[in-house]
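Thanks for making time this morning. I would like to walk through one structure with you, taking a sheet to begin with, then a hairpin, and finishing with a helix.

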Amino acid sequence: MGTLQPETVLCGIDIQSLYTSIPHNEGLDCIEEVLLDTNLSTSKIYFIMDCLNMVLTKNYFSFEDNFYWQTQGTSMGATVAPSYANLFVNHLEKKIFLKKEPFCQHILAYLRFVDDILLLWTGPVELLKQMIDEANESHSTIKFTYEYSFSEINFLDVTISLTNGIINTDLYRKSVEKNNMLHVRSFHSPKVKKAIPKGQFIRAKRITSRTAKYNEVKLSLTKQFKERGYESNTINNAMKEVDTIPRSELLCQKKKECSNQKIAFVSTFNSNSNKMENIIKKYWPLIQADRQFGHLFTEQPRFCYKRGRSLKDILYPSDTRQKKSLFQGRKKKGTYPYLSCNCCSSIIKGSKINHPSKGYEINLNVYATCKSTHMVYLLKCPCGLGYVGQTSREVKMRIQEHKRNIKNFKENTQTDTSISKHFFICKHNLMQLR
């Protein structure tokens, strides 16, 4: 861009609540206009329009015990939301900023990321304010806020400064921002934790235009990583690797290679994920040797992991409402299946049970299902014996543990319990557990 004029203004513009402020009719008209400019067939275009209309106009959400119908905008978490909002703003910004006289002739540079806009303005500040005011008056729901400076402005995670007509960029962090780096002891894939330091140093080098400032950021990142338990060797190796990469290379957009894409093996990360990887890699040649489908599996898969449930998910779920039982009738005393898990078939239904060996009836004084907690339970064996246990968790979780131990029984291991050992010795079937 070269040296800028001394009167150049740095301006940041933000669209307030963009996703929820787009009127359905305007948004749909905009998308239709964009699609008609493509090479898609008419049938495909209007199929997409019908689907989008359904996503926008039939969207609802719940809060506490009430359901609400969203009559304007798109939901924040919808997959289509970013593309929909981007296309709408692209259509809108041409009318109110980029092609509107006399404002457009003073816009030196216009950069936007969804609802955040960076503007390099060469005209009078009063004219800039007038442009924003007219933009706010031009639309009933889309509103803009702005800030400007002749020297420095924060845009997303970048601090942009203007000194003697030269633009410099630095990494921006809010003053109240905490150290939220993933802790090294967090239950994530080791590959993820190994990649984080390198990724953060690459991000810092890409954003920071001055070497001295980048060195300061490196010290700050090193301190943050050490606070989160990362070893010095891991941090230093990542730093050295990034130091060898020229910044000009990091600023270039990499072309995605579409050929020879690996198959993604996606699973939830758990303590056995590494073993599972090794087993698949070990026996992958057997799949490649298949006469019919072997040619489809020339390369080993890429192992991808979804995050498992964390303590936060368990202790502080997003939906705090008490879940209603599927059974809506009057509750009778006895044990009954909950009809929502694989343990329901093992539940002996009724208000009475017979003693496993003596046969006399035992009355049950509570209503219980496989989702009940803080229960005393009885497991009946096909040979006539019984096992009495207690659990504070859901009964189905304890039964599932018993089933896993029976299925995977191995002497002198964690699976070696009185129940699993009895089933193994007596050669009982897992399906016989009641």
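What we have on the screen is a predicted model, and I will start with an open sheet of three strands, which run in the order β7-β8-β9 and pair in the antiparallel sense. The edges are taken by β7, residues 152-155, and β9, residues 166-171, and because each of these has a single partner strand, one side of each is left without a neighbour in the sheet. If we ignore direction, neighbouring strands here are turned by 25 degrees against each other on average. Against this sheet packs α5, which touches β8 and β9, and whose direction makes about 160 degrees with that of β9. Looking at the pairing itself, β7 and strand β8, residues 158-163, are joined over four bridges in the antiparallel sense, and within that pairing E152 has S161 in β8 as its bridge partner.

Let me turn now to an earlier part of the chain, where UniProt, in an unreviewed entry, lists residues 7-134 as "domain: Reverse transcriptase". In the model this span is 45% helix and 22% strand, and its end C-alpha atoms lie 23 Å apart.

Next comes the hairpin, in which strand β4, residues 107-113, and strand β5, residues 116-121, pair over six bridges, again in the antiparallel sense. Y110 stands opposite L119 in β5, and two residues lie between the strands, where V114 takes a positive phi near 55 degrees.

That brings me to helix α9, residues 273-288. At 1.5 Å a residue, its 16 residues should span 22 Å, and the end C-alpha atoms are indeed 22 Å apart, so the expected and modelled values agree. Even so, a kink of about 40 degrees lies at K282, shortly before the proline P285.

Which residues of α9 are buried? They are S273, E277, I280 and W284, and what covers them includes α5, residues 190-207, together with β10, residues 264-268, and β11, residues 302-306. So α5, which we met packing on the sheet, also appears among the elements covering α9.

And is K282, the residue at the kink, buried or exposed? K282 counts as exposed because its relative accessibility is 58%, and the cut-off for that class is over 50%. To place K282 within the whole, its C-alpha atom is separated by 51 Å from that of Q70, a residue 212 positions away along the chain.

Conventions:
Residues are numbered from 1 along each chain as its sequence is written. This is a predicted model: local features need pLDDT of at least 70, side-chain atom pairs count only at pLDDT 80 or more; totals for chains, interfaces and linings use all residues. Side-chain values use heavy atoms; hydrogens and water are left out. The expected span of a helix is 1.5 Å times one less than its number of residues. The bend at a residue is the angle between axes fitted to the seven residues ending there and the seven starting there. Buried means under 20% relative accessible area, exposed over 50%, partly exposed in between (1.4 Å probe, protein chains only). Contact means heavy atoms within 4.5 Å. Two strands pair if DSSP finds at least two bridges between them. UniProt positions are given in the numbering used here, feature names are shortened, and annotations may be inferred rather than shown by experiment. Axes are lines fitted to C-alpha atoms, for helices over the stretch in contact, and angles run from 0 to 180 degrees between N-to-C directions.
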